[in-house]
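Student: I want to test the labels used for this model. Give me the value, then the cut-off, then the verdict.

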Amino acid sequence: MRAMALPGARARGCRAAAKMAQRRRYAEYARGSQSRGPPVSRAALYVHWPYCEKRCSYCNFNKYIPRGVEEAAMRSCLVTEARTLLRLSGVQRVESVFFGGGTPSLASPSTVAAVLEAVDQAAHLPADSEVTLEANPTSAPGSRLAAFGAAGVNRLSIGLQSLDDTELQLLGRTHSARDALQTLAEARRLFPGRVSVDLMLGLPAQKVGPWLGQLRTLLGCCDDHISLYQLSLERGTALFTHVQRGTLPAPDPELAAAMYQEGRAMLREAGFRQYEVSNFARNGALSTHNWTYWQCGQYLGIGPGAHGRFAPHGARSHTREARIQTLEPDNWMKEVMRFGHGTRRRVPLGRLELLEEVLAMGLRTDVGITHQHWGQFEPELSLWDVFGVSQEVKVLLVQGLLLLDHRGLRCSWEGLAVLDCLLLTLLPLLQEAWAQRTPSPVQGG
Amino acid sequence: MWTPVGRGRWHGRALTVWAAAAAHRGLLKPRPTPTREAAAKSRTLDRLYSSADRKEKIDLSRFSVENIRNFSIIAHVDHGKSTLADRLLELTGTIDKTKNNKQVLDKLQVERERGITVKAQTASLFYNCEGKQYLLNLIDTPGHVDFSYEVSRSLSACQGVLLVVDANEGIQAQTVANFFLAFEAQLSIIPVINKVDLKNADPERVEKQIEKVFDIPSDECIKISAKLGTNVERVLQAVIKRIPPPKVHRKNPLKALVFDSTFDQYRGVIANVALFDGVVSKGDKIVSAHTKKTYEVNEVGVLNPNEQPTHKLYAGQVGYLIAGMKDVTEAQIGDTLYLHKQPVEPLPGFKSAKPMVFAGMYPIDQSEYNNLKSAVEKLTINDSSVTVHRDSSLALGAGWRLGFLGLLHMEVFNQRLEQEYNASVILTTPTVPYKAVLSSAKLIKEYREKEITIINPAQFPDKSKVTEYLEPVVLGTIITPDEYTGKVMMLCQARRAVQKNMMYIDQNRVMLKYLFPLNEIVVDFYDSLKSLSSGYASFDYEDAGYQTAELVKMDILLNGNPVEELVTIVHKDKAHSVGKAVCERLKESLPRQLFEIAVQAAVGSKIIARETVKAYRKNVLAKCYGGDITRKMKLLKRQAEGKKKLRKIGNIEVPKDAFIKVLRTQCDK
């Protein structure tokens, strides 16, 4: 098999190199010196593995519980779609790859290797690119994680979710707290400094004290990256139905808010930087891939239901498109086999729409939107022009929720927790400023 | 002489200019409702078969006054008034005997559903008794005291009534109210005990009640089953024997009372008239005593119950008249018609309608405004006792402030809007018209009167500028099985009512009379009474003027800023409980914002109730990666769009929903 030919040495070398590259890119961004406009020749790549062993009670993602996966066919289709979309996009350099799902750790390491090799062939996948795999804790994680490392994965995101077995059961997870800690330890041994864990908060009947206890335990054994996710009850999930029927208490938003506030304070104490609403890193261990989303960089999405945002090669004035692939795996595979890709919908993003995304995504990060970053997308209408004169913004500044200064526009520590309220003020201001701007002469036909 | 009932109630007719314009538009754009369509169809059939071909136009001249009887049937809801009317119509051959004759005179869906009569109907019955042909005019009256102006107008065209009482339920509150209306109009009263066929019927007990409460000897009661037709013939004989013929003069110049009017989209206004003097026929020129307008009569006839043209109508008779009136305001209930150049003294008792319950009405969505407007116009064409004023609320948009004769009237109006016009509306909590006696010379000059009526709480004058405030009061009659007396009395006390009378109408039924402030019964009194008495207590009320009241204006504040839409006038003793309830409802429906919101009720500068809406501590989507962006942006933009429509009180954004939850009538909960 071709994929297995990927030399293990390369994979091991990748991890160190990727870590260096990550730090460099973040530093570049923070200085704003290397900005060359949103580059169309570079992109991140998301790979969706749609299968799970079992349905979690809170998850409404696009996932399927198959009787048996035809992995060879799936692998071949992922490879084909990666090649097709890379060709369509004209992307020459893939800076990060993220295997998400579903449960991509259920895929064979060979599938992961095959996709990475195809990417490297179709475009360039530098040795220092971040390659993340979402992995669920298991009772015997060691050898399998090592095999993923050999296949080219250099970062793990572990869906640990809770360190309380009762809660794990409530969430419909297949693992125990013990499995979680064991998997975490094994992952750290294999990918030192490159392991992230997810912890959920705001579960039905969850109390602040015990939850903080879990976080404290986790801080004692985790690596340099933690994500804290508040449970959101999604229609169509078992948990939603339980709460709806009253068989489970509704999560208390007040308690969830308290967990979030105290949790992030605890992480700050422990030297973690909250670089995004739900993401915390120390020693510069930010996720490059996710950073691309919040900076509105280009990304390609392959696999059933994957989303992408990129400008097709040769498109007039580099118009970016939002793309979504066919949801259902079998249909998606049929389409990939027939057309080379399973894109179901392509929606061109207008300039204003893109700016709205720059605003909404950028403010999720601690650096917010720098003037340079904004300028890459909109050189004519500055952040000052849009937000500088608004009385409503002034109120938010005075309240200490928002900052607008020589660096750019960003949320304060308090503001970050209520960003969705702030955006309801900011988005209309952007739309208004856009409508009132002096229209620039129509460019290039 | 006939004595039209002029009881100085709050009724009569006041049509706004707006409603008048509506009627004109209605003429141009006919769109019959299902019920009217059916009525119109049967009318067409009548015209085809009865009036033209079947026989000559009826010659009413052969009915001398001595052979005419004008009467009404009055009863509590569901005691069988309409069923008795059906039987009388059948017995006299006015309608065929079929199984389908169910409440023939109740044409509206709401009437049949609720077992109440909203719109009075009239039917002329021809009946042979002891060799003599009689003309019996049955004037069906609305079945509720809300419509007592209409009842009183209908009664003023009568010399007697059939007072129908259910043999099982006995005298109920409305029986009492109806009895006094007839009694004060000095009409002959024939008690009819109905439903004697029922298993639990106890006609002897009801006879005793009638004797005790109304002072009518028990042998005067006729015991019938309208459903089975038992003894109905005796009722007709009693009508002839016990009710006197009208005292009128055919030779005198025409004097006709308009006691009802309806609007027909093809023929204009159809006025129901009772002739006190003289004769009227097609081609006559007539004048309205109220408007002084002159019309030429196009058609006269009797109602059986559909219009059947006749050559003439004579003194003492009851029928209809069409004279090119384009609008019901031209044929106001209580008005007098006379012949051109032969003016007569108008009949007494004409009053303008005084609505006693007001409510705001708004379309749920402003895009439905025009549809709702046309529905309201169409309804008011035939129900001119509803007053309509355009109104607009910052929160609810454009709408109307409607005045109704009473609560049932309001509910019926709303139900007809929904059923007949498929219009869904926001109806705000009803209020009553308060009054203030002004002391400030400046204000008196401004209003040009010393006593003003306050419909809009925003116009409530400050205490320093008034001598006293007045609130409308009603005399309520409650009849209840005595086991509930204690609970009923507690309820009445809680509603600031003062007991006026209490009597046992039989061994275990009590009749209570209380003087109620009207505003205490407009919202949920009836429901509370029904629920505490397991449905057995009945309630009715009549106007009892105004009384002095310690009224205050209550503001609702959001972080200190008053909310214009929520200003209310309340009695001082009720301010705290009302304020607390409003604050609680607001708290439940106000979305959190970036800061804490104090929801307060205040009288003057004094805060009487407070609730707090806590600030948002966290409001941000937890997961936002590549696949979430589209959905997230869509959601944010939709929210931002919605936010633009929110009403701002200070810096607080209040959704329309919150206003609706606070303002909407709570009785449907």
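Student: What phi does A:G400 take just after α15(A)?
Tutor: A positive phi of about 75°. Helices here are DSSP runs (H or I, at least four residues) and strands are E runs of at least two, both numbered from the N terminus. Ground rules next: residues are numbered from 1 along each chain as its sequence is written, and chains are lettered from A and ligands numbered from 1 in the order in which they are written. The model is predicted, so local features need pLDDT of at least 70, side-chain atom pairs count only at pLDDT 80 or more, and totals for chains, interfaces and linings use all residues, while side-chain values use heavy atoms, without hydrogens or water.

Student: What makes A:S390 a cap for α15(A)?
Tutor: A side-chain oxygen of A:S390 lies 3.1 Å from the backbone nitrogen of A:E392. A polar contact needs a pair of N or O atoms within 3.5 Å; within protein, one must be able to donate a hydrogen and the other to accept it, and residues adjacent in sequence count only if both atoms are side-chain atoms. The distance of 3.1 Å is within that limit. A:S390 caps the N-terminal end of the helix, residues 391-398.

Student: Why is the pair A:E356 and B:K637 called a salt bridge?
Tutor: The N to O distance is 2.7 Å. The rule asks for a side-chain nitrogen of Lys or Arg within 4 Å of a carboxyl oxygen of Asp or Glu, so the pair qualifies. Between chain B and chain A the count is four salt bridges.

Student: What does A:E321 tie together through its salt bridge with A:R346?
Tutor: The closest N and O atoms of A:E321 and A:R346 are 2.8 Å apart. A:E321 lies in β11(A) and A:R346 in β12(A), so the pair ties together parts 25 residues apart in sequence.

Student: How many residues put chain B in contact with chain A?
Tutor: 27 residues of chain B meet 39 of chain A, where contact means heavy atoms within 4.5 Å. The two chains bury about 3,200 Å², 59% of it on carbon and sulfur atoms. Buried area is the accessible area (1.4 Å probe) that two parts lose on being put together, summed over both.

Student: Why is α17(A) called roughly perpendicular to α15(B)?
Tutor: They pack at about 80°, with axes 9 Å apart. Axes are lines fitted to C-alpha atoms, for helices over the stretch in contact, and angles run from 0 to 180 degrees between N-to-C directions. Under 35 degrees is roughly parallel, over 145 roughly antiparallel, 65 to 115 roughly perpendicular, the rest oblique. That makes the pair roughly perpendicular. Residues in this contact include A:L424 and A:P428 from α17(A), and B:L636 and B:A640 from α15(B).

Student: How do you know that α3(B) and α8(B) earn that label too?
Tutor: Their angle is about 80°, with axes 10 Å apart. They are therefore roughly perpendicular. B:L84, B:R87, B:L88 and B:L91 of α3(B) meet B:V232, B:E233 and B:L236 of α8(B).

Student: What makes B:D215 stand out in its phi?
Tutor: B:D215 has a positive phi of about 60° and is not a glycine. Most residues other than glycine have a negative phi.
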